[in-house]
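Good morning, and thank you for making room for this item. Please take a moment with the sequence and the structure before I begin.

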Amino acid sequence: MDGDDVPARAMIKSLMAGLATTRESPRRAGNHSMGVITTALCLAIPALLVLWLWVRPLLNGRWRTPGWFIGTAGLAVGAAAVTWFVGAFAGASMNAEESCHAAGATYDSAYRSTHWQEPSRWFPLHDKCNATHDLVPAWVNPALVLLPLLAITCVGVAVWLGVGRQRTRLGSA
């Protein structure tokens, strides 16, 4: 064996290793997509049930009750909690640099060290890779403002309806 054969063998081994990973990746992608489908079904079935129980009074015209508004406030609080978790755990991994590279953004360690408090804030949620790319989706922070406002408004309307009904009962009695 010549010394010239060693680089050729190394190149053949690396090509074979590359072929082996491309053969495995469709299987891994299939397992990943099955996990996504299973998770989506496990979340969608209860969500559709809750949505049906919420929409049915709208269709029947029985939505003008305090209970419906309290239920809507509960849904808004639950949606706000889910939204906060989506924003707080945005990124592909717990390592910021890996998450940025997975998102296709450049990781700027100088920017991250200057703005080190941003990822640990409760609100507004940010996990920036650099000055222009944020791992937290753009819809998260506005939703975190609007959903609690919706919940507070619904509780206020429920109290108003409850007090109004109580007054009509006392006035007619």
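In what follows, a residue is called buried when its relative accessible area is under 20%, exposed when that area is over 50%, and partly exposed in between. F69, with a relative accessible area of 11%, is therefore buried. I shall return to F69 shortly.

Please bear in mind that this is a predicted model. The mean pLDDT of the chain is 81, and 79% of the residues reach 70 or more. Confidence varies along the chain: helix α2, residues 66–88, has the highest mean pLDDT of the elements, at 93, while helix α1, residues 5–60, has the lowest, at 69. Over residues 19–29 the pLDDT stays under 50, and for that stretch the model has zero contacts beyond four places in sequence.

Now to the overall architecture. The chain has five helices and zero strands, so its elements read α-α-α-α-α from the N terminus on. Of its 173 residues, 18% count as buried. If we take the contacts between residues at least 6 apart in sequence, 51% of them join residues at least 24 apart.

Let me turn to the aromatic residues. How many aromatic pairs does a search of the whole structure find? The search finds seven. One of them is formed by W54 and W68, whose rings are stacked, at 5.4 Å centre to centre and with 20 degrees between the planes. W54 lies in helix α1 and W68 in helix α2, so this pair ties together parts that are 14 residues apart in sequence. W68 also pairs with F69: the ring centres are 5.0 Å apart and the planes stand at 90 degrees, so this pair is edge-to-face. Ring pairs link W54, W63, W68 and F69 into a cluster.

Are the two tryptophans of the stacked pair buried or exposed, or in between? W68 is buried, because its relative accessible area is 13%. W54 is partly exposed, with a relative accessible area of 24%. Not counting residues up to four places away in sequence, W68 touches W54, P57, L58 and W63.

A residue in helix α2 also deserves attention here, namely T72. T72 counts as buried, because its relative accessibility is 7%. Its side chain reaches the backbone oxygen of W68 at 2.9 Å. Leaving aside neighbours within four places in sequence, T72 is in contact with W54 and C154.

That brings me to the nonpolar cores. The largest has eleven residues: W68, F69, A73, A76, A80, A143, L147, A151, C154, A158 and L161. Helices α2 and α5 each supply at least two residues of this core, and the largest share, six residues, comes from α5. W68 and F69 thus appear both in the aromatic cluster and in this core. There is also a second, separate core of five residues, among them A90, L125, V136 and V140.

Next, the charged residues. Which side chains meet in the one salt bridge that the search finds? They are those of R112 and D127, at 2.6 Å from N to O. R112 lies in helix α4, residues 109–114, and D127 in the loop between α4 and α5, the latter spanning 140–172, so the pair ties together parts that are 15 residues apart in sequence. R112 counts as buried because its relative accessibility is 16%. D127, with a relative accessible area of 15%, is buried as well.

Finally, a glycine in a loop. G104 has its place between α3, residues 96–102, and α4. At 67% relative accessibility, G104 counts as exposed. The C-alpha atoms of G104 and H133 are separated by 9.6 Å, and these two residues are 29 apart along the chain.

To restate the principal points: this is a predicted model with five helices. W54 of helix α1 and W68 of helix α2 form a stacked pair. The largest nonpolar core takes six residues from α5, and the salt bridge joins R112 and D127. When looking at helix α1, please recall that residues 19–29 stay under 50 in pLDDT. Thank you for your attention.

Definitions and conventions. Residues numbered from 1 in each chain as written. Predicted model: local features only at pLDDT ≥ 70, side-chain atom pairs only at ≥ 80, totals over all residues. Heavy atoms only, no water. pLDDT = per-residue confidence, 0-100. Helix = DSSP H or I, 4+ residues; strand = E, 2+ residues; numbered from the N terminus. Contact = heavy atoms within 4.5 Å. Buried < 20%, exposed > 50% of the residue type's maximum accessible area, 1.4 Å probe, protein only. Polar contact = N/O pair within 3.5 Å; in protein donor to acceptor, adjacent residues only side chain to side chain. Phe/Tyr/Trp six-rings, centres within 6.5 Å; stacked < 30°, edge-to-face > 60°. Salt bridge = Lys/Arg side-chain N within 4 Å of Asp/Glu carboxyl O. Core = buried A, V, L, I, M, F, W, Y, C linked by side-chain atoms within 4.5 Å.
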